[in-house]
Amino acid sequence: MPSITPQDAAIIEVAGGVDTHSDTHTAAVIDQVGRVLGSERFPADAAGYTALLTWMRTFGRLVRVGVEGTGAYGAGLAQLLRTEQVHVVEVDRPDRKTRRFQGKSDPIDAVQAAKTALAGERTGTPKRRDGRTEAVRNLRVARRSAVDQRADAQRTIKTLIVTAPDELRERLRGMPVNALITTCANLRPDRTDAASPATTVKIALRSLARRHQQLTTEITDLDDLLDPLVAAINPGLVAANGVGTDVAGQLLVTAGDNHDRLTSEAAFAMLCGAAPIPASSGKTSRHRLNRGGDRQANKALYRVVICRLRWDPRTHAYVERRTKDGLSKKEIIRCLKRYVARELYQLITTPNDHELAA
C-alpha cells in the first residue's frame, strides 16, 4: 500500500496500528477520521522497532499505537514504545464478521488495529514486562511445565504396571507414590536382555521413575526461588486466608506489574472469569457463567474457596445461609469466588512497604 504523506504532517494527530509476527511487524498509520496514510513492514528486532516508530512519526504527532500481541511477538515493540513515551494499547484481533467482509492480510490487520486504538474499542493497557512480577511469571512457566511432565511420568508408570509380568505387578501394585517411585528407580534390569518384555518393562519403569525424581528436584529448586520472591512482592497477599505462594504468584502474574491498569475490583473479577455475565432478555432476568478470562487465575480463586470451605468460620456461615436460600453448592462456590476476587484485589493493588521504599 503506497504511503500518502500529508502536507501538514507536523501538526496533525495520527494513530498507529501494528500486526506483529515472529520475524516482521506490519505497521499502518491513520489520521483522526480514519483515513489510511500509509503502511509498511519492518523487521522484528531492535533496529526494526526504532525504524517503525520513526516512520510513524513522519506522518504527524503520534497520539497512540494499537499493537496485537503485546504479551508475545509484540512485547519488544511495546517496551520500546513505552520507553519513548508513546501511548500503547493492546488490541484484540478483528472479529470474524469484520474479516469476512474485509479479507485478511497483514496491512489490513494493521489498519484495523489502528482504527481500534483510535476508537478505544476492545482495547486494554498492556502489561509491563520489566518488573519482579515478570520474574515470577518466568519461574512459574518452568515450574508448571515440570509439574505437568512429572504427573505424566507418574501416569505412565502406573499404566506400565498394569501390563507388567505378574510377579512385578503384584510387587508394585498398591504402593504409595513415593515408595513406588523409589522402588522403580532402584530396579536393576539386565541391559543385555533388552529383547525380553519382562526386562524392558523394568528398564522403562526405572527411566520414568528417575525422570520423576529429577523433575521433583527441579520443582523444589524453583519453589525455593519463588517463595521469597512472591513474599517480597506482596507479603499481605501471601498471608491471606487460603492463599499461598502458588496462588499468590498466579494472581500477581494475572494482574501484572502495572496493576493500576485494573480500573476496579469488578474488572479484576472479570479478568479472572469470576464475574457473572448478564444474560437477560424481555421478561427474563438472569446471569450466566463466565467462561472467559484467565482460567489459571480462576483456578487459583477456586483453590482459595475450597480451602476456606474447610477452615474459615465466615465461609461456613455464608454457605449455611445461602443453602437455606436454595442455592446449590456449585452456585455458592461461584458467589464465593466473586467475593474472594474482591478481597484479594484490595491486597494486590495496595502498595506494600517495599514498593513505597523503592
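A crossover between two strands is called right-handed if, with the strands pointing away from the viewer, the path from the first strand over the helix to the second runs clockwise. In this predicted model, such a right-handed β-α-β unit is made by strand β4, helix α2 (residues 75–83) and strand β5. The points below begin with the sheet to which β4 and β5 belong, and then turn to the helices and to one residue, Thr220.

**The sheet and its order**
- Six strands form an open sheet with mixed pairing, and their order across the sheet is β3-β2-β1-β4-β5-β6.
- The edges are taken by β3 (36–43) and β6 (123–124), and because each of these has a single partner strand, one side of each is left without a neighbour in the sheet.
- Strands of a sheet pair through backbone hydrogen bonds, and this pairing may be either parallel or antiparallel.

**Pairing from strand to strand**
- Strand β1 (residues 13–20) runs parallel to strand β4 (residues 61–67), and six bridges link the two; at one position, Gly16 has Val65 of β4 as its bridge partner.
- Strands β4 and β5 also run parallel, joined by three bridges, and here Val67 has Glu90 of β5 as its bridge partner.
- Strands β5 and β6, by contrast, run antiparallel and are joined by two bridges, with Val91 standing opposite Thr123 of β6.

**A helix across the sheet**
- Helix α4 (residues 106–119) lies across β1, β2 (24–31), β3, β4, β5 (88–91) and β6, and its direction makes an angle of about 135° with that of β1.

**Two helices packed together**
- Helix α10 (residues 245–255) packs against helix α12 (residues 295–311) at an angle of about 145°, and their axes are 9 Å apart.
- On the α10 side, the contact is made by Asp246, Val247, Gln250, Leu251 and Thr254, while α12 contributes Gln296, Ala297, Ala300, Leu301, Arg303 and Val304.
- The crossing of these two helices, α10 and α12, is left-handed.

**Thr220 in its helix**
- Thr220 is found in helix α8, which covers residues 197–233.
- Thr220 has a relative accessibility of 40% and therefore counts as partly exposed, since that class lies between the cut-offs of under 20% for buried and over 50% for exposed.
- A polar atom of the Thr220 side chain lies 2.9 Å from the backbone oxygen of Thr216.
- Between Thr220 and Asp312 there is a separation of 92 residues in sequence, and their C-alpha atoms are 29 Å apart in space.

Technical notes. Residues numbered from 1 in each chain as written. Predicted model: local features only at pLDDT ≥ 70, side-chain atom pairs only at ≥ 80, totals over all residues. Heavy atoms only, no water. Pairing = 2+ DSSP bridges. Helix = DSSP H or I, 4+ residues; strand = E, 2+ residues; numbered from the N terminus. Contact = heavy atoms within 4.5 Å. Axes fitted to C-alpha atoms, helices over the stretch in contact; angles between N-to-C directions. Buried < 20%, exposed > 50% of the residue type's maximum accessible area, 1.4 Å probe, protein only. Polar contact = N/O pair within 3.5 Å; in protein donor to acceptor, adjacent residues only side chain to side chain. Left-handed = near helix turned anticlockwise from the far one by under 90°.
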